[in-house]
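Thanks for making the time this morning. I would like to walk you through one model, beginning with a single residue and then moving to the core and to a patch on the surface.

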Amino acid sequence: MGFKVQRKVISRLAALSFAALSLVLLAQNPPKKAAGGKDDEENLVYLLKATSLQQFELFGEQHRKALGATFLHNGMYLISDTADWNVDTRIILAKGHVKLIQGDTRLTSEVLTYVIDEDLAVFSGVLVQLENKSKNLLRTQHLDYNTRD
């Protein structure tokens, strides 16, 4: 088998392993019904991509640390260098080159705290920038953004 073929096979096996791990992790921690009574489907947060994923327990709470993470929730993509997803509190702390893309709206910052059950993205950093489809810019150091509305 040539090197290119071996690399493709290994790459596909890694992708399948990651997909299987994602399904196992979801099965271990099914989504909780939010206070607002959202459907289970609306509660789901998908980890679409990560260069690495680590599951651990900290102070009795389950965490998933993802590097090079891309999440999907409420039709918005959350992309960051690192993300710590506290499965029990349903909060994601994203750091490093954070991007939130929803439709024609794009937000960027260095730090984001995403409170899943409240659909609330809390951006902070030296520069938080919101750009809409008309290329209008809003720049600040702190911004709360509702991903549902």
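Arginine 139 is found in strand E8, and please keep in mind throughout that what you see here is a predicted model. Is arginine 139 buried or exposed? With a relative accessibility of 54%, arginine 139 counts as exposed, because the cut-off for that class is over 50%. Once its neighbours within four places in sequence are set aside, arginine 139 is in contact with Leu127, Val128 and Gln129, and with glutamine 129 there is a polar contact from side chain to side chain, at 2.7 Å. Leucine 107 is 32 residues away from arginine 139 along the chain, and the C-alpha atoms of these two are separated by 9.8 Å.

Let me turn to the interior. The largest nonpolar core has 24 residues, and those with the most contacts inside it are Phe71, Leu78, Ile92, Leu112, Tyr114 and Phe123. Strand E8 (137-146) is among the elements that give two or more residues to this core, together with strands E3 (61-73), E4 (76-86), E5 (91-102), E6 (105-115) and E7 (120-131). If we again leave out neighbours within four places in sequence, the contacts of phenylalanine 71 include Leu78 and Ile92, as well as Tyr46, Leu48 and Tyr77.

Those last three names come back on the outside, where Tyr46, Leu48 and Tyr77 form a nonpolar surface patch with about 270 Å² of accessible area together. Tyrosine 46, which lies in strand E1 (residues 46-49), has a relative accessible area of 32% and is therefore partly exposed.

Technical notes:
Residues are numbered from 1 along each chain as its sequence is written. This is a predicted model: local features need pLDDT of at least 70, side-chain atom pairs count only at pLDDT 80 or more; totals for chains, interfaces and linings use all residues. Side-chain values use heavy atoms; hydrogens and water are left out. A nonpolar core is a set of buried Ala, Val, Leu, Ile, Met, Phe, Trp, Tyr and Cys residues joined through side-chain atoms within 4.5 Å. Buried means under 20% relative accessible area, exposed over 50%, partly exposed in between (1.4 Å probe, protein chains only). Helices (H or I, at least four residues) and strands (E, at least two) are DSSP runs, numbered from the N terminus. Contact means heavy atoms within 4.5 Å. A polar contact is a pair of N or O atoms within 3.5 Å; within protein, one must be able to donate a hydrogen and the other to accept it, and residues adjacent in sequence count only if both atoms are side-chain atoms. Patches are made of residues with over 30% relative accessible area and no salt bridge: like charges are joined within 9 Å, nonpolar side chains (Val, Leu, Ile, Met, Phe, Trp, Tyr) within 5 Å. Accessible areas come from the Shrake-Rupley method with a 1.4 Å probe; for residues, only the protein chains shown count as cover. A salt bridge is a side-chain nitrogen of Lys or Arg within 4 Å of a carboxyl oxygen of Asp or Glu.
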